[in-house]
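Dear colleague,

Please find below the structure that I am handing over to you. My findings follow directly after it.

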Amino acid sequence: MLQVKNMSFGYYKKPILKHIDFQIDIGEHLSVIGESGSGKSTLLKLLYGEMDVTEGSIFWKDTQILGPKHNLIVGYDFMKYVAQEFDLMPFITVAESIGKHLSNFYPEKKRKRIKGLLEVVELTEFSNIKVKSLSGGQKQRVALARALANRPEILLLDEPFGHIDNFKRRSLRHKLFHYLKANNIASIVASHDQEDVLPYADRMLVLHKAEIVANNTPEHLYKHPKTPLIASFFGEFNVIDGEIIYAHQLKIVDRSNLKATIKKSYFKGASYLIEADLNGENVFFRYSETITTNTIVCLSIVK
Ligand code: ADP
Ligand code: MG
């Protein structure tokens, strides 16, 4: 398992991560979320040994992960990392790129392995295309497949679907996370997309101001968001009498003390998001239809 103990790090003395403590089990899937600049990428780089921690330690099982000061070659066989900005060799094919670190000793085995990985990242038809002619999203998928090639025990992914369009993202995400679970590969995924986290993460870790402010299951954090920051990750919410109320928890009722004046309706697919004024404060709730501006409605909190 991965054990991070009292880890701190800063660039030029500016603290970026302070006293980070957490662990994950074999095959466990952890999501790391936090605003842009909260240190997600820095955390992954430290876990991979790309930089030296200022304080504390990182272990995978019995092996201490050491940075460049103590380790000549960055990285370990059991751990793979796909950076936010990944680099691939442009002039080799997709298949060669994915198989780059696979042994040539058993060519048939290697061919099968590459074929399987091409399927996971949905690039079978691009197998013989040169990497340089791929789109950003396709390159990202090659980088993912290459990281999986030698069956790591733990995979670090930095916003793995950032370059991938919405059409492909859903099926790729599903296939990838399913593959990781089926092969008992632990993963740490920096993300800002709740679709990466809610259905697939065993735990989620929230970074804010250099510290971990929450570390729990997505379901627990969704149901008991301690702070507006955490709630905002899950969707529209309101703070009513100091309590966080998601938009879908506000319902229109016949009678109540919460009288709101409708400002605008936004189409959101399965329902509309309605913006209204409640005693001078903006509130948001969900409704099945649009509501005419200036209509007065009674709202009730239904949890
Ligand atoms: P995130 O991935 O959550 O967006 P990062 O880990 O990239 O956050 O960055 C965390 C903080 O560290 C930011 O304030 C960023 O400006 C700073 N930072 C990142 N890389 C460097 C660097 N190489 N030198 C100095 N500061 C950096
Ligand atoms: Mg980042």
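A residue is called buried here when its relative accessible area is under 20%, exposed when that area is over 50%, and partly exposed in between. Please note that the model is a predicted one.

By this criterion, helix H1 is mostly covered, with eight of its nine residues buried. The buried residues of H1 are Lys40, Ser41, Thr42, Leu43, Leu44, Leu46, Leu47 and Tyr48. After H1 comes Gly49, which has a positive phi near 85°.

The magnesium ion, ligand 2, has two protein donors, the OG atom of Ser41 and the OE1 atom of Gln84, at 2.0 to 2.5 Å. Ser41 belongs to helix H1 (residues 40-48), whereas Gln84 sits in the loop between strand E6 (79-82) and helix H2 (94-98); the pair therefore ties together parts that are 43 residues apart in sequence. The relative accessible area of Ser41 is 19%, so this residue counts as buried. Gln84, at 29%, is partly exposed.

Ser41 is also among the residues around ligand 1, as are Lys40 and Thr42. The others are Tyr11, Tyr12, Lys14, Ile16, Glu35, Ser36, Gly37, Ser38 and Gly39. Several polar atoms of the protein can be paired with oxygen atoms of this ligand. A backbone N or O atom of Gly37 lies 2.7 Å from one such oxygen atom, and a polar backbone atom of Gly39 is 3.0 Å from an oxygen atom of ligand 1. From Lys14, a polar side-chain atom lies 3.4 Å from an oxygen atom of the ligand.

Asp52 may also interest you. Asp52 is located in the loop between H1 and strand E4 (55-60). Which side chain of opposite charge is nearest to Asp52? It is that of Lys69, 4.9 Å away, and Asp52 has no salt bridge although it is buried. The cut-off for a salt bridge is 4 Å. The backbone nitrogen of Lys69, however, lies 3.2 Å from a polar atom of the Asp52 side chain. Beyond residues up to four places away in sequence, Asp52 touches Phe9, Leu46, Gly67, Pro68, Lys69 and His70.

Finally, Gln23 is found in strand E2 (residues 14-24). Its relative accessibility is 40%, so Gln23 counts as partly exposed. Apart from neighbours within four places in sequence, Gln23 is in contact with Met1, Leu2 and Gln3. The side chains of Gln23 and Gln3 make a polar contact of 3.2 Å. The C-alpha atoms of Gln23 and Val4 are separated by 5.9 Å, while the two residues are 19 residues apart along the chain.

With kind regards

Methods
Residues numbered from 1 in each chain as written. Chains lettered and ligands numbered in written order. Predicted model: local features only at pLDDT ≥ 70, side-chain atom pairs only at ≥ 80, totals over all residues. Heavy atoms only, no water. Donors = N, O, S within 2.8 Å, 3.2 Å for Na, K, Ca; no water. Helix = DSSP H or I, 4+ residues; strand = E, 2+ residues; numbered from the N terminus. Buried < 20%, exposed > 50% of the residue type's maximum accessible area, 1.4 Å probe, protein only. Lys, Arg positive; Asp, Glu negative; His and termini not counted. Polar contact = N/O pair within 3.5 Å; in protein donor to acceptor, adjacent residues only side chain to side chain. Contact = heavy atoms within 4.5 Å. Near = heavy atom within 4 Å.
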